[in-house]
Amino acid sequence: MIPPAFGDAEGQPVACYDATAVPHSGSRMREVPALMADTLEEIRRDYFEARAGDPGAIVAVLVAPVRSEADLGLVFMAADGPLDGCGEASMFAAMLVLGSRPEVRLETGAGLIIARSSGEARITLTMPPGTSRVDVAEVSYEGKRLQVRTVTAGGNVFAAVSAAELELEVSAAGARALTEHGSALLGTLRAGPARPHMLLLTTPVTSARTTSAVVWGDAVLHMGPCGTGTCARCSLAVEDGDVVPGSRLAASTSSGVVYSSFQRASQCSPGGRGAVPIRTRGAAPRRGTGPGLGLPPP
C-alpha cells in the first residue's frame, strides 16, 4: 500500500490513502466498504491509532472504480468507521490526483463526483445528482418544539435545525454549547425514522451568504464550511426562496473562509423532487508533510 498523504481543509483534518491495488468484486460502489472491510480497518487503525491522527479527521481512500467512466473509486473513513461522503476529503483526494488533468472522475457510493481545478488553489466538485426533497418534521427536545428538516447531499443525510431555535450561537465562542447540545439532539434524531448522519445547525441567509455548523460522529463539531453541508444548505435556501435556482450560496466563517454552492437552474425548483446536480467550490486543502501518493501520472 502506498504511503498516505495528510492535509487540512480549512480546519477539517483530512488524509488520503491509496488502496487501488487491493482487488474487490463490487458491482456497485456502495458494496465496496463491506468487501474491503479488512483493508479499511487497517487504514483506520494506521491513521487514528498508530499515527494518532485527529479523531475528527476524515480519510479518503482511493480504490479501484466499478464504473468504466470513473478514473478512481473513493470511499471514506472516520474514527468510528466508514462514512458515506465528505466534500473536504473529496477535494483533498482530487487535488492529489488531478495533476495536469482537466478533470478527474471519482466514483463514490452516492454516485460520480467530477472534480476540476478552479485556479487560485481552489477545487470545484460537481456532486452526484441528488434530490431537492426536503422532509419536515416537528420534534420535541428539552421542552422545545423544533422544526427539523431532513435533506441529503453527497451521500450524507443531514438533519437541519435553526441554531436560534436551540438558543445557540454559531461562533467560536459558542463551540462548547454547539457540541454538547448538537450531539445530544443528533442522538435523539438518530433514534427516529430519519436516522440522519449529521446535524446541520443553520443561521439565516442574508444577501446569499450564511454560516452554519455541523455536528457528527462522536461529538465532533466542524465550524468551517462543510462541503456536503454547504450543498445541503443550498437545497434548503432554494426551498425557502432565499436564493433562486442557479444562483450561488456562500457559506463563510468569521475567519473569512468561503465555500459556495449552487443548483442548476434548469433542473431545480423549490419543492422539486427530481435529480439535482449541485456544485460546491472551496479552497484546495493544504497538503501535509507526509510522503504523498505515488499515483501514476495522467
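The following questions and answers concern a predicted model of one protein chain.

Visitor: What should be known about the source of the values?

Guide: In this predicted model, local features need pLDDT of at least 70 and side-chain atom pairs count only at pLDDT 80 or more, while totals for chains, interfaces and linings use all residues. Residues are numbered from 1 along each chain as its sequence is written, and side-chain values use heavy atoms, leaving out hydrogens and water.

Visitor: How many helices and strands are in the chain?

Guide: Helices (H or I, at least four residues) and strands (E, at least two) are DSSP runs, numbered from the N terminus. On that basis, the chain has five helices and 21 strands.

Visitor: What percentage of the residues count as buried?

Guide: Buried means under 20% relative accessible area, exposed means over 50%, and partly exposed lies in between, with a 1.4 Å probe and protein chains only. C16 is buried, with a relative accessible area of 0%, and C86 is buried at 4%. Of the 298 residues of the chain, those that count as buried make up 53%.

Visitor: How many disulfides are found in the whole structure?

Guide: A disulfide is a covalent bond between the sulfur atoms of two cysteines. The search criterion is a pair of cysteine sulfur atoms within 2.5 Å. Across the whole structure, the number of disulfides found is zero.

Visitor: Which strand gives the most to the lining of the largest pocket?

Guide: On a 1 Å grid over the protein atoms alone, a pocket is an open set of points where a 1.4 Å probe fits, with protein on both sides within 12 Å along at least five of seven lines; lining residues have an atom within 4 Å of a point. The residues closest to the centre of the largest pocket are A137, V139, L189, P193 and A194, out of 13 that line it. At least two lining residues come from each of β10 (135–141), β11 (144–153) and α4 (175–190). The most, four residues, come from β10.

Visitor: Is D242 buried, exposed or partly exposed, and which residues does D242 touch?

Guide: D242 lies in the loop between α5 (227–240) and β17 (249–252), and its relative accessibility is 38%, so D242 counts as partly exposed. The C-alpha atom of D242 is 8.9 Å from that of P204, 38 residues apart along the chain. With contact meaning heavy atoms within 4.5 Å, and residues up to four places away in sequence not counted, D242 touches V205 and A237.
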